Amino acid sequence: MGARVKVACVGGGPASLYFSILMKRVDPSHDITVYERNPAGSTYGWGVTYWADLLNDLHSIDPDSARAIREHSVRWDSWVVHVRDRTTITAHHGEEGFGIGRRELLGILAEQARSLGVRIEFEREIADEGELTDADLVVAGDGVNSVLRERHADHFGTEVSVGRNTYAWLGTTKIFDSFTFAFVETPHGWIWCYGYGFSDSHSTCVIECSPTTWRELGLHQANEADGLALLEKLFADILDGHPLIGRAPADGGAHWLNFRTLTNRTWHRGNLVLLGDAAHTTHYSVGAGTALALGDAAFLVNALHRDTRLPSALARYERERRSAIRSPQRAARYSAQWYENLPRYINLPPPQMFALLGQRHSALLSRIPPRLYYRIDQLAEQLKSLCEVKR
């Protein structure tokens with residue numbers, strides 16, 4: 001693209017904000033405005049996760065944002081698993097994980113963007129790119145329900161696959177020092193949670209179960225207070241008396257969802273380009289959403305500054321980014337399937353069950369008997385250790 005471009009980013013999430021930061025760092029003359037329909041500081045969600053490799057990538061391209069994000073993050077390097085009343089299993093995997101509040105992350109990115117000269121207009125909804133006719137580039141970073149994308153759904157070829165299990169995204173004042181899994185057996189089937197700290201006062205607690213368990217526990221018709229009370233009772237062992245905190249929608253019901261995996265046949269149309277969840281989603285159980293959104297921003301900025309022609313730059317972005325995210329997308333798909341087939345693994349001996357939990361991204365796991373897969377995996381680890389010793 002030319003030396004100076006006028007850019008409109010629709011949606012004030014991590015993808016749009018980070019894109020605006022990187023564009024300004026490459027060329028401060030770019031005229032960039034981010035439009036967010038919600039008020040400043042208003043966001044849904046508790047903490048988000050990311051891993052050490054993302055932090056390293058951020059340091060290499062935007063050290064100021066990276067330092068601020070790290071300073072406001074909670075770190076862990078172990079997993080803890082609770083199954084029924086069996087022994088808690090702890091393992092160190094050598095990869096650092098981090099949690100940060102979504103509000104804190106957005107605040108950091110917004111502050112950095114403003115410091116570089118980006119304009120951010122809150123409570124400004126853009127329903128049609130026709131409102132932005134003076135923009136050279138329109139970035140649709142307005143999430144999975146992107147209004148700009150839906151206006152041209154036939155062109156983008158949007159497809160949505162709805163997951164079978166139901167889940168609720170909750171908070172708690174219980175601070176989890178490690179990434180914590182808890183699997184609870186009820187008379188109506190299994191229900192489980194993923195818990196991780198993201199500040200010195202709160203943790204995220206994502207609770208998931210099959211649709212049958214959800215209905216037979218009465219969660220489908222419970223109001224939020226009753227639903228949270230039931231969940232607090234079920235997960236009392238890990239909550240240590242701390243409450244679960246939800247979000248009450250207008251009808252007063254608990255906010256249960258089925259995850260939607262979204263894909264698009266193409267990611268651009270004219271001067272309109274999709275970014276982050278507007279382009280693709282990956283199941284929350286792999287904790288990759290934030291990293292992929294920020295990665296999209298970096299790839300798009302790189303493509304725009306490698307090619308002066310907008311059509312070919314956007315085509316390059318789509319081609320290269322699709323290739324880069326193929327692996328995490330596959331991992332997310334297999335991870336979601338592992339949880340949907342939890343009865344296949346849950347009654348294994350604790351060490352085996354935990355090992356296969358860590359291997360849930362494997363394409364082979366669903367095709368091989370779990371005990372056999374475990375033995376093969378253990379043998380592979382032993383052979384790897386022997387090879388390292390011989391070196």
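Which residues does R37 touch, not counting residues up to four places away in sequence? In this predicted model, the answer is a run of neighbours from elsewhere in the chain: E123, R124 and E125. R37 sits in the loop that links β2 (31–36) to β3 (47–51). Along the sequence, R37 and R124 are separated by 87 residues, yet their C-alpha atoms are 4.6 Å apart in space. R37 counts as exposed because its relative accessibility is 53%, and exposed means over 50%.

One of the partners of R37, the residue E123, deserves a visit of its own. E123 belongs to the loop between β6 (119–122) and β7 (137–140). Its relative accessible area is 60%, so E123 is exposed. The backbone of E123 has a positive phi, near 55°, in a residue other than glycine. D240 also has a positive phi without being a glycine, with a value of about 50°. The place of D240 is the loop between α9 (236–239) and β12 (244–245). A positive phi turns up in a glycine too: G117, just after α4, has a phi of about 105°.

The helices offer a friendly piece of arithmetic. Helix α4 covers residues 102–115, which makes 14 residues. At 1.5 Å a residue, α4 should span 20 Å, and because its end C-alpha atoms are 20 Å apart, the expected and modelled values agree. Within α4, the buried residues are L105, L106, I108, L109, A110, Q112 and A113. Helix α1, made of the 13 residues 14–26, gives a similar check: from its first C-alpha to its last it reaches 18 Å, close to the 18 Å expected at 1.5 Å a residue. How much of α1 is covered? The helix is mostly covered, with 11 of its 13 residues buried. The buried stretch is made up of P14, A15, S16, L17, Y18, F19, S20, I21, L22, M23 and K24.

Empty space inside the model can be examined as well. The structure holds 2 cavities of 30 Å³ or more. The second largest cavity contains about 30 Å³ of space. Its lining consists of Y50, L54, L58, I69, I100, L105, T290 and L294. L105 has already appeared here as one of the buried residues of α4. Two helices, α2 (52–61) and α10 (289–306), each supply at least two residues of this lining. What is the chemical make-up of the lining of the second largest cavity? It divides into 7 nonpolar residues, 1 polar residue and no charged residues.

The pockets of the model give another view. The second largest pocket has a volume of about 350 Å³. It is lined by 21 residues, of which S161, T261, A332, R333 and A336 are the closest to its centre. Which elements each supply at least two residues of this lining? They are β8 (159–172), β13 (257–263) and α11 (310–340). The largest share comes from β8, which provides 7 residues. By class, the lining of this pocket has 6 nonpolar, 11 polar and 4 charged residues.

A332, among the residues closest to the centre of that pocket, is also one of the contacts of T282. T282 lies in the loop between β15 (272–274) and α10. Not counting residues up to four places away in sequence, T282 touches F259, A288, G289, L292, Q329 and A332. Is T282 buried or exposed? With a relative accessible area of 10%, T282 is buried, because buried means under 20%.

The cysteines complete the picture. A disulfide is a covalent bond between the sulfur atoms of two cysteines. How many disulfides does the model have? The count comes to 0 disulfides. C209 is therefore in no disulfide, since the nearest cysteine sulfur, that of C193, is 12 Å away, whereas a disulfide needs sulfur atoms within 2.5 Å. C209 has a relative accessible area of 0%, so it is buried. C9 likewise counts as buried, because its relative accessibility is 0%.

Technical notes:
Residues numbered from 1 in each chain as written. Predicted model: local features only at pLDDT ≥ 70, side-chain atom pairs only at ≥ 80, totals over all residues. Heavy atoms only, no water. 1 Å grid on protein atoms, 1.4 Å probe; cavity = no way out; pocket = protein on both sides within 12 Å on 5 of 7 lines; lining within 4 Å. Points joined across faces, edges and corners; volume = space filled by probe spheres on them. Helix = DSSP H or I, 4+ residues; strand = E, 2+ residues; numbered from the N terminus. Nonpolar A, V, L, I, M, F, W, Y, C, P; charged D, E, K, R; others polar. Buried < 20%, exposed > 50% of the residue type's maximum accessible area, 1.4 Å probe, protein only. Contact = heavy atoms within 4.5 Å. Expected span 1.5 Å × (residues − 1).
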